[in-house]
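This briefing goes through one protein model, topic by topic. Please keep the sequence and the coordinates at hand while reading.

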Amino acid sequence: MPKLTVRPSIKGVIVWYVLSTFLLIAIVVFLYARGFAPPELWALVAVPLAIDVWASMKHVKLNSKRLTLDDGVLRFEDGLLSKKQRSIMLDKISDVRTDQTLGQRVVGIGDLSVDAQGETYWFDAHVNGNEAL
C-alpha cells in the first residue's frame with residue numbers, strides 16, 4: 001500500500017485572512033474619506049493586523065501537524081521545532097471517528113479521532129473530509 005499523508009486543512013485560516021483584508025480595505029477607505037485625519041484613527045489598522053498575526057500563528061500550528069499511514073502503522077506527528085510522534089499499529093485500532101459541526105460540513109472539513117487500546121488520539125485540527133474518510 002502506498003504511503004498516505006494527511007495534513008490539516010487551512011480553510012478556516014483562509015477565512016480569517018480574507019476577513020482581515022476586507023477590514024483593512026474598509027478602514028483605508030474610511031480614513032481616505034475623512035482626509036486621513038485625525039491621526040489617532042490610524043490605530044484602527046491594528047485590528048486587521050492583529051487578526052493576521054493570530055491567523056498566521058494558527059497557520060503555522062496547523063502546518064506542523066501530519067497524519068501518516070504507512071506499512072500498517074498510523075503515525076501522528078506534531079511540532080515545528082520539537083517533534084512529538086505517536087505510532088499506532090493498524091490492528092490495535094478499535095474505532096475511527098470523524099466529527100463535523102454545521103460550519104465544518106459547509107466547507108467540507110471535520111475533526112478526526114482514533115481509539116486504540118483504550119486510548120483516544122485526536123488529530124485536533126481540521127482535515128479535509130474526503131481525504132480522511
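Leaving aside residues up to four places away in sequence, Asn63 touches Arg7 and Ile10. The model is a predicted one. The points below start from Asn63 and move on to the strands, the nonpolar core, the salt bridges, the surface patch and the backbone of the loops.

**Asn63 and helix H2**

- Asn63 belongs to helix H2, which covers residues 46-63.
- With a relative accessible area of 41%, Asn63 is partly exposed, because the partly exposed class lies between the limits of 20% and 50%.
- Asn63 and Asp95 are 32 residues apart along the chain, and 25 Å separates their C-alpha atoms.

**Strand pairing**

- Strand S1 (residues 4-6) pairs with S2 in the antiparallel sense, over 3 bridges.
- Within that pairing, Val6 has Leu67 in S2 as its bridge partner.
- S2 and S3 also run antiparallel and are joined by 6 bridges.
- Leu69 stands opposite Leu74, a residue of S3.
- S2 and S3 form a hairpin with 2 residues between them.
- S3 in turn pairs with strand S4 (residues 84-89), again antiparallel and over 6 bridges.
- Val73 has Met89 in S4 as its bridge partner.
- The hairpin of S3 and S4 has 5 residues between the strands, and Gly79 in this hairpin takes a positive phi near 130°.

**Nonpolar core**

- The largest nonpolar core consists of 10 residues: Val6, Leu67, Leu69, Leu74, Phe76, Ile88, Leu112, Val114, Ala116 and Tyr121.
- At least two residues of this core come from each of strand S2 (65-70), strand S3 (73-78) and strand S6 (109-116).
- S6 supplies the largest share of the core, with 3 residues.
- In soluble globular proteins, nonpolar side chains tend to be buried together.
- Two bridge pairs consist of core residues: Val6 with Leu67, and Leu69 with Leu74.

**Ser113 in strand S6**

- Strand S6 also contains Ser113.
- Ser113 has a relative accessibility of 3% and counts as buried, because the limit for buried is under 20%.
- Not counting residues up to four places away in sequence, Ser113 touches Asp95, Val96, Arg97, Thr120, Tyr121 and Trp122.
- Among these contacts, Tyr121 is a member of the largest nonpolar core, and Arg97 takes part in a salt bridge.

**Salt bridges**

- How many salt bridges are there? The count comes to 2.
- One of them joins the side chains of Arg66 and Glu77, with an N to O distance of 3.6 Å.
- Arg66 is in strand S2 and Glu77 in strand S3, so this salt bridge ties together parts that are 11 residues apart in sequence.
- Arg66 is partly exposed at a relative accessible area of 25%, whereas Glu77 is buried at 17%.
- Arg97 forms a salt bridge with Asp99, and the closest N and O atoms of this pair are 3.0 Å apart.
- Arg97 is partly exposed at 41% relative accessibility, and Asp99 is partly exposed at 23%.

**Nonpolar surface patch**

- Ile14, Val18, Phe22, Ile25 and Val29 make a nonpolar surface patch of about 470 Å².
- Phe22 sits in helix H1, which covers residues 11-33.
- Is Phe22 buried or exposed? Phe22 has a relative accessible area of 56% and is exposed, because the limit for exposed is over 50%.

**Loops and backbone geometry**

- Ala37 and Pro38 are joined by a cis peptide bond with an omega of about -5°.
- Pro38 lies in the loop between H1 and H2, and Phe36 is found in the loop between H1 and H2 as well.
- Phe36 is not a glycine, yet has a positive phi of about 55°.
- Phe36 counts as partly exposed, at 35% relative accessibility.
- Asp71 likewise is not a glycine and has a positive phi, of about 50°.
- Asp71 is in the loop between S2 and S3, in the turn of their hairpin.
- Asp71 is exposed, with a relative accessible area of 64%.

Terms used. Residues are numbered from 1 along each chain as its sequence is written. This is a predicted model: local features need pLDDT of at least 70, side-chain atom pairs count only at pLDDT 80 or more; totals for chains, interfaces and linings use all residues. Side-chain values use heavy atoms; hydrogens and water are left out. Patches are made of residues with over 30% relative accessible area and no salt bridge: like charges are joined within 9 Å, nonpolar side chains (Val, Leu, Ile, Met, Phe, Trp, Tyr) within 5 Å. Accessible areas come from the Shrake-Rupley method with a 1.4 Å probe; for residues, only the protein chains shown count as cover. A salt bridge is a side-chain nitrogen of Lys or Arg within 4 Å of a carboxyl oxygen of Asp or Glu. Helices (H or I, at least four residues) and strands (E, at least two) are DSSP runs, numbered from the N terminus. Buried means under 20% relative accessible area, exposed over 50%, partly exposed in between (1.4 Å probe, protein chains only). A nonpolar core is a set of buried Ala, Val, Leu, Ile, Met, Phe, Trp, Tyr and Cys residues joined through side-chain atoms within 4.5 Å. Two strands pair if DSSP finds at least two bridges between them. Contact means heavy atoms within 4.5 Å.
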